[in-house]
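Hi,

Here is the structure I promised to pass on. Have a look at it first, and then read on for what turned up.

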Amino acid sequence: MSTTATITLPTVRPLEPPIGSEIDFGAQIDGVDLENLTDEQFASIRKALYNHHVVVFKNQHKLSPKAQYELTKRFDPVSESYGHGKTIDAKRSILHPDLKTVPHQPQVQVIGNGFVPSYEGLENVQLKHPHHRTFHKDHVPDEKDYDFTRFYRWHIDAALYGLHPPQVTTLLAVNVPKGRRQTLLYDDGSEETMDVPLGTTAFVSGQRMYDLLSPEDQEFVRTSKVEYAPHPYIWMSSARSRSTGLGMHSEGRELPDSELPPIDTEKIMVYPMCWKNPETGKLSLQIHPSAVHKIHLADGTVIDDLERVRDIVYKLQRPAISPQYVYPHDWEDGDLVLFNNRGVLHSVVGAFKPDEVRLFRQCNLAGSEPPVGP
């Protein structure tokens, strides 16, 4: 008599939006061993990710960097390199201070805040949580810094030069400071604020961002493309962000081509404004606002006035980062969060005291194929 092994599929439970929230994405997944994942279980996780955009696995304290990398890679098996590749001229890149590499699993990065004596082969590591003071044109007054905060930078995880955006990013909370909450300020005249957990990662849905647009704007974003700046994280290094973290002020502070590393024009990325979900076919408005350079219109003309480009993108994206549409994840030790990097924007948030140690592992891999447009 033949017997067939029963495969336990993970359970997927949509997140319950808090009172006042209108988020329509996010789910918790339970009942799966991520160190020993079957193809059927992964297929269930993949379907959940592309339907819910952000999925949370609790109690993953023991997940190895190798298993985190293998799970990330499974979404794009041909992908190999870290999502940002090897940054040329790293010291001028705005990403430079934020990442340390796990020596025995170089596709996995360590991020966080404070001093870590030893972790996964890294010794005596000083981590620094990005603070909006270093990136925004103005900042929360120093005396209010631990009570108030801002979105640091809304973005997609992507090099945007020479490499395609990762399909998915995985974030594991190894150590999370407890107790404090902060009031997030938009500081843009809207009077909008949010109560957020200390050091939250904030997510918004690109699908909601598209759905909130007028029919005319939906037509515009379906038929237009964005050209990103060459070496964007060096190019923008002297520019300063809006108070909402949603793109840059136009003050002529971007570095000219002559001050950038050599530019290979074939590596300059031009992507549709809208990216199609591989599972549902729905469109997400997916633009990295800080790195935009030009807009290519349906009729072949190009908008290359940087201030105008930024203003167009800002007006398209700003409605969807209002508080009711933002999911600020309340991290606990052992949380593993996977997010659809081609369907959400996210931002670091928060200001830590020097002795508040936050330790996270991040993995994403440059996409093997470009995003698919409408």
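Where does Gln 286 lie? You'll find Gln 286 in the loop between strand S15 (283–285) and S16. Before going further, please keep in mind that this is a predicted model.

Back to that glutamine. Is Gln 286 buried or exposed? Gln 286 has a relative accessible area of 1%, and the cut-off for buried is under 20%, so Gln 286 counts as buried. Its side chain also has a partner: the side chain of Gln 286 reaches the backbone oxygen of Val 344, at 3.2 Å. Val 344 takes us towards the cavity, since strand S20 (344–348) is one of the strands that supply at least two residues of its lining.

On to the cavities, then. The structure has 4 of them with a volume of 30 Å³ or more, and the largest holds about 410 Å³ of space. That largest cavity is lined by 31 residues, and the ones closest to its centre are Ile 111, His 155, Asp 157, Val 348 and Gln 362. Besides S20, the strands that each give at least two residues to the lining are S5 (108–119), S8 (168–175) and S21 (358–364). S21 has the largest share, with 4 residues. If you sort the lining by class, you get 14 nonpolar, 12 polar and 5 charged residues. As background, rolling a probe the size of a water molecule over the atoms shows where empty space is left.

Next, a sheet that includes S16. How many strands form the open sheet with the order S13-S12-S16-S17? There are 4, and the pairing is antiparallel. S13 (270–272) and S17 (302–303) are at the edges with a single partner strand each, so one side of each has no neighbour in the sheet. Further in, S12 (residues 225–228) pairs with S16 (residues 292–296) over 4 bridges, in the antiparallel sense. Within that pair, Val 226 is opposite Ile 295 in S16. In general, strands of a sheet pair through backbone hydrogen bonds, either parallel or antiparallel.

Last, the cysteines, in case you were wondering about them. How many disulfides does the structure hold? The count is 0. Two cysteines to look at are Cys 274 and Cys 363. Cys 274 is buried, because its relative accessible area is 0%. Cys 363 also counts as buried, because its relative accessibility is 0%.

Cheers

How values were computed
Residues numbered from 1 in each chain as written. Predicted model: local features only at pLDDT ≥ 70, side-chain atom pairs only at ≥ 80, totals over all residues. Heavy atoms only, no water. Disulfide = S-S within 2.5 Å. Buried < 20%, exposed > 50% of the residue type's maximum accessible area, 1.4 Å probe, protein only. 1 Å grid on protein atoms, 1.4 Å probe; cavity = no way out; pocket = protein on both sides within 12 Å on 5 of 7 lines; lining within 4 Å. Points joined across faces, edges and corners; volume = space filled by probe spheres on them. Nonpolar A, V, L, I, M, F, W, Y, C, P; charged D, E, K, R; others polar. Pairing = 2+ DSSP bridges. Polar contact = N/O pair within 3.5 Å; in protein donor to acceptor, adjacent residues only side chain to side chain.
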